[in-house]
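Biologist: Hi! Could you walk me through this one before I head back to the bench?

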Amino acid sequence: MIADSLIVEKGVSAGDAWVSVAPDSIHTALSGLRDDGFRLLVFLTCVDHLADSSKPTWPGRYELVYQLRNMETREQIRVRTFLDGDPPRIDSVHDLFPPANWDERETYDMFGVVFTNHPDLTRILMPDDWVGHPLRRDYPVGGEVVEFSEEHEVWQTPPPRA
Amino acid sequence: MADATAEGMTDTGTIGQGVTVSRTGEQGAFGGELLTINFGPHHPSTHGVLRLIVDLDGEQVRRLKPVIGYLHTGIEKQAEALRWQQVVVVTDRHDYLSPPFNNLSYALAVEKLLGVDVPPRADALRVIMCELTRISSHLVWLGTSGIELGASTMLMYCFRERDTILDMNEEISGFRMHTSFIRPGGVLADATPRFLDMLDRFCNAMPANIDEYEALLTMNPIFRSRTIGIGRLPAEDAKVLGATGPMLRGSGVAWDLRKSMPYSGYENYDFEIATSDLSDCYGRYLVRIKEMRESVKILRQALDRLPDGPVNIDDRKVLPPPREELETSMEAVIHHFKLFTEGYTVPVGDAYAAVESGRGENGCYVVSDGTHKPRRVKFRAASFVNLQPLERMALNHMVADMVAIIGTADTVLGDVDR
Amino acid sequence: MGVEALAESLGQNVLTTTLGKLIGWGRGNSVWPLQFGLACCAIEMIHTATAGVDIARFGSEAMRASPRQADMMIVSGRVSQKMAPILRTIYDQMPEPKWVISMGACASTGGVFNNYALLQGVDKIVPVDVYIPGCPPRPEDLLNALMILQERIKAQGITPRQ
Amino acid sequence: MLESYVPVLIFVLIVLGLIGALVTLSFVLGPTKPHKRKLAPYESGIIPDTPAMRRLSVRFYLTAMLFIIFDVEAVFFYPWAVLLKQLGWFGLIEMLVFIGILLVALAHIWRKGGLDWE
């Protein structure tokens, strides 16, 4: 398993075991897990905890989530890291898990998380000249203004177009 | 037929590299220059708005770069702006060939957070709707892949059966395609006797129809010569690339979430996992045909042993009380009012639930911050990952074979772009 | 072209109206749709083209893949920001007597998704003739829209709308 | 003497008349509004920036030539088929020799690998 020195926190959330790791040791932690048999990266995504009242303090605004699975023993584990900075930076793991290549490009496209030494870190879903990263919490939902709906007042400031 | 260079496959370094596209007119093998063409977003054989930038040396593909995003609908951002029960309507539409599977992965994730289990009848109805949708999704794949390789009768036969499935969907939920049938806490409505009767007739008739498809394609020399040995994906690379579903089982890996990590009662149905060791387009065709037969067996078992009882959990905080109770009890009115103005809240935490959809593992990762709106809803799209081996499966194949390879990946672009 | 100038100069007499009826009848009964399937509505469009509902009875069976041979573009599905310029290019590349059916709520108004990613209604970039509500509309709705369009084409006669 | 050719003449006139009518009618009746984007090459929705004219591989030329040879061979069967009765055995043997020669050529090409692509 991962060397205990790397683990910052450990726990079980709704039936899934998870481990929290410091951002700069993500590559060693994942390669350790991979050698233990967790060879399938189910998905990699980011959660933006801006103005998140569910916990008093957050170690970082962006929480990167790596869900790994061991296909022989059917075990699953979730590795989290908390990032800050504008743009937040972290090492790429595409050499350990090939599916991470596109997942990282999508996370960069949607959240602006820069994955260092990624072969082709460009936008994958949005048009190439798009400004802003849509899934950040401070990015408005956009779309048409809906009158008399206070829901849409909150979400309505349109993105700054290039 | 030049099959893909196998030895270059297993080292993970080059997999999924950002492919540089040749604009300079590199030299091809027979003196011609590499021609860069767009197998573009608007193309009849790309099963949706997928764009492939292809470097052609004469007829052979030397380099291939998928470009996606042409159907990006911002479903994950939309889900953050909606309440917990409203997100179900949005989950229907990202993989529009298997709506109940998307609902089921979202519902299971939310139920994990709520810590509730649905009654057995709801589980059985969920299995019935999911297996029906697996058959209808495979029928769309079989029809479109058939017509792409020249068998236009396949389209007519497959969509004839799909019409009966859509009529069943309409009978039980009022919608043909996006049924929104499976919700956190249970299902939309109980099965009507007419639905059970239609399902019974469907289970009796379907095996004969599948024999009809097999009679058309399985021993058809044209179909076999267009698919055998085309788009080879060895088992080791399928696992390394994270492919799931028929893409993985077509390479001989017996991994099916319904068997390995069973959910909503799949452990008490007996069916086999359809695998084939051919690991090429023909192998994946056989896997999907066998999967349709297994789904009919599951449907027959689910129909015969349909448990009775309630269809939803009776937690008034999550699901509205029945209508007739509103006249009598005040609490029902209060619950009803609270649910339909603010919606329910889910305990803080995050959960991941995955189901085996027609395309592969269709998962949903939900993060809740205790408010009545999800903090983050991430859909693990099977097509998004199954599209990545395309770069390597289509290497050194002819352009015409690329049509079969795009077809065999069975990607739905709404699922890829979300 | 020649005959339009001729039609204006001759004014509405017995010659141009009967010729107009003939041309309108010819154009109306063989409207070739462009195979422009985007999302869920495309599956219902295929249902319309197959034996169950059979659009061939209305002369629109030949779903052309290239815009050069198409008279009508059925925008079936949601139009994302990245797809909008491509949709406009394909509409421009269609030969002149051309019409547009906007199939489904997403094509007509952005539908369920009122956010940054979708074009809120395809009539923002191409002139639309017939809108079909529904998400996705039934195949019979598409046939109904086609019949409405056919009446319009027959009524237009020699000089189509623009 | 030329009377026997009148049906052919009528046939040719009908064909030319029909094609002529179709082309002129659609040219005259169809409204045309040419503009830059419409005349751009269609590449599934993307306006290509790479030059389309590239030096093509020799295989295309080879395949085209093979097709022409065996297509012209097929044309010779028609007159022979019409006069099969009058020619009798002599015509049959003559045609078999003709086919034999071309079969030898086909076998040679097949063995040399001219038919498959790479």
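Modeller: Happy to; we can take chain A and then a helix of chain C.
Modeller: This is a predicted model, where local features need pLDDT of at least 70, side-chain atom pairs count only at pLDDT 80 or more, and totals for chains, interfaces and linings use all residues. Residues are numbered from 1 along each chain as its sequence is written, while chains are lettered from A and ligands numbered from 1 in the order in which they are written.

Biologist: Cool. How many helices and strands does chain A have?
Modeller: Chain A has three helices and seven strands, in the order β-β-α-β-β-β-β-α-β-α from the N terminus. Helices (H or I, at least four residues) and strands (E, at least two) are DSSP runs, numbered from the N terminus.

Biologist: And what share of chain A is buried?
Modeller: Of its 162 residues, 42% are buried, meaning 20 or more other C-beta atoms lie within 10 Å of the residue's own; exposed means 12 or fewer, partly exposed in between, with C-beta atoms placed from the backbone.

Biologist: Switching to chain C, which residues of H6(C) are buried?
Modeller: Those are Pro139(C), Leu142(C), Ala145(C), Leu146(C), Leu149(C), Gln150(C) and Ile153(C).

Biologist: Why do they line one face of the helix?
Modeller: Down the axis of H6(C), the buried residues fall within an arc of 145°, so they line one face. The arc is that of the directions from the helix axis to the C-beta atoms.

Biologist: What does the face turned away carry?
Modeller: Exposed residues: Glu140(C), Glu151(C) and Ala155(C).

Biologist: Thanks! What follows H6(C)?
Modeller: Gly157(C), with a positive phi near 75°.
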